[in-house]
Amino acid sequence: MPGNDSVTFNQPVSGFVSPRFGGIATFMRLPHVPLDAAQGIDIGLAGIPWDGGTTNRPGPRHAPRQIRDNSAMVRRLHPVSHVFPYELANCADLGDCPVNPADVQDTLKRVETWFKKLVGQGVRPLVAGGDHLCSLPILRAVAEKRPVGMIHFDAHTDLYDEFFGGFRYTHGTPFRRAIEEGLLDPKRVVQIGIRGSMYDFEDVNYAEKAGVRIIRIEEAMEKGPKAIMAEARRIVGDGPTYVSFDIDMLDPVYAPGTGTPEIGGFTTFQAQQMLRELRGLNIVGADVVEVSPPFDPSGLTAYAGATMMFEILCPMAEDVAKRR
């Protein structure tokens with residue numbers, strides 16, 4: 001797709017105008033627009049600096065800031081699809097939603113309220129977490145009127161019922177809660193890359209009964225990215241779909257900065273190949289979660305997260321333009 005100089009949508013600051021290490025960090029070097037002034041924004045990039053649902057290594061509360069910094073490396077044109085997302089949709093960094101680091105339920109309510117306002121203004125969210133419990137209040141916003149499907153990239157199902165003697169809100173339980181609350185249509189949910197040792201089969205058994213399709217890493221590696229994504233596309237169909245990308249779907253060689261790493265994962269390129277197959281889907285919201293900067297001072301995990309956000313942004317922008 002050729003560039004269009006007449007487009008008036010927000011554009012990233014070019015590295016030819018200001019060096020990428022300069023200026024105040026925003027997602028993709030886009031303008032920062034407060035939520036109250038987000039009228040006319042199609043896709044809002046936002047952060048949730050919170051990890052109160054973490055059960056292992058903490059740190060994702062610091063991810064939005066580091067992902068913003070590293071996203072300065074992401075240029076404006078997709079090298080394979082030739083999409084200029086900022087010419088198809090009006091995008092902006094809407095900042096971080098308010099959180100309460102001392103209270104899980106209060107944070108869930110704050111995040112839900114903030115994203116309902118965002119969605120109510122016609123903005124599609126593209127979010128940097130935070131731990132994976134952050135997905136639940138976002139889904140409460142995007143699926144308030146009808147359940148959505150989901151393509152979920154992760155090493156873990158996050159379908160457990162509870163942790164630590166009855167605690168039901170952790171980063172290992174968000175999609176169990178989302179199905180129970182009618183936010184996700186389980187028959188339109190596919191989970192890709194599941195691997196690692198297990199406590200038991202409780203989450204898998206729940207998935208089978210509910211109709212969730214689990215694609216373990218062994219099957220994904222055997223069939224390859226295109227075949228796996230062809231099935232994922234069939235499962236979610238043409239309906240509204242949420243995309244959730246846990247950075248631990250990548251092998252820790254590529255993303256050591258995460259709370260619950262599992263060896264034997266995807267390469268960054270395989271992840272990009274799969275995300276590029278999202279083109280044509282009705283993506284109503286998305287997140288990239290579980291980047292934990294304290295465990296990767298190099299920032300490469302955050303850079304992987306920023307790049308995956310861009311991979312998701314491109315098909316989101318195409319869908320915005322198609323439906324405008």
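Visitor: Which residue in S5 stands opposite Met-150?

Guide: In this predicted model, strand S4 covers residues 148–153 and is joined to S5 by 5 bridges, the two running parallel. Within this pairing, the residue of S5 that stands opposite Met-150 is Val-189.

Visitor: Through which helix does the chain cross from S4 to S5, and what is the hand of the crossover?

Guide: The connection from S4 to S5 passes through helix H5, residues 174–180. It forms a β-α-β crossover, and its hand is right-handed.

Visitor: How many residues of strand S5 are buried?

Guide: Strand S5 spans residues 184–194 and is mostly covered. Buried here stands for under 20% relative accessible area. Of the 11 residues in S5, the number buried is 9.

Visitor: Which residue in S6 stands opposite Ile-192?

Guide: S5 also runs parallel to strand S6, residues 213–216, through 4 bridges. S5, helix H6 (residues 202–210) and S6 make a right-handed β-α-β unit. Opposite Ile-192, the residue in S6 is Ile-215.

Visitor: Which helix gives the most to the largest nonpolar core?

Guide: The largest nonpolar core has 55 residues, and Ile-43, Ile-151, Phe-153, Ile-192, Phe-245 and Ile-312 have the most contacts inside it. With 12 residues, the helix that gives the most to this core is H10, residues 300–323.

Visitor: How many residues does the second, separate core have?

Guide: Ala-92, Phe-115, Val-127 and Val-284 are included in this second core. It is separate, and its number of residues is 46.

Visitor: Which Leu is in contact with Phe-153, leaving aside neighbours within four places in sequence?

Guide: With those neighbours set aside, the contacts of Phe-153 include Ile-192, Met-229, Val-243 and Phe-245. The Leu in contact with Phe-153 is Leu-275.

Definitions and conventions: Residues numbered from 1 in each chain as written. Predicted model: local features only at pLDDT ≥ 70, side-chain atom pairs only at ≥ 80, totals over all residues. Heavy atoms only, no water. Core = buried A, V, L, I, M, F, W, Y, C linked by side-chain atoms within 4.5 Å. Buried < 20%, exposed > 50% of the residue type's maximum accessible area, 1.4 Å probe, protein only. Contact = heavy atoms within 4.5 Å. Pairing = 2+ DSSP bridges. Right-handed = clockwise from strand over helix to strand, strands pointing away.
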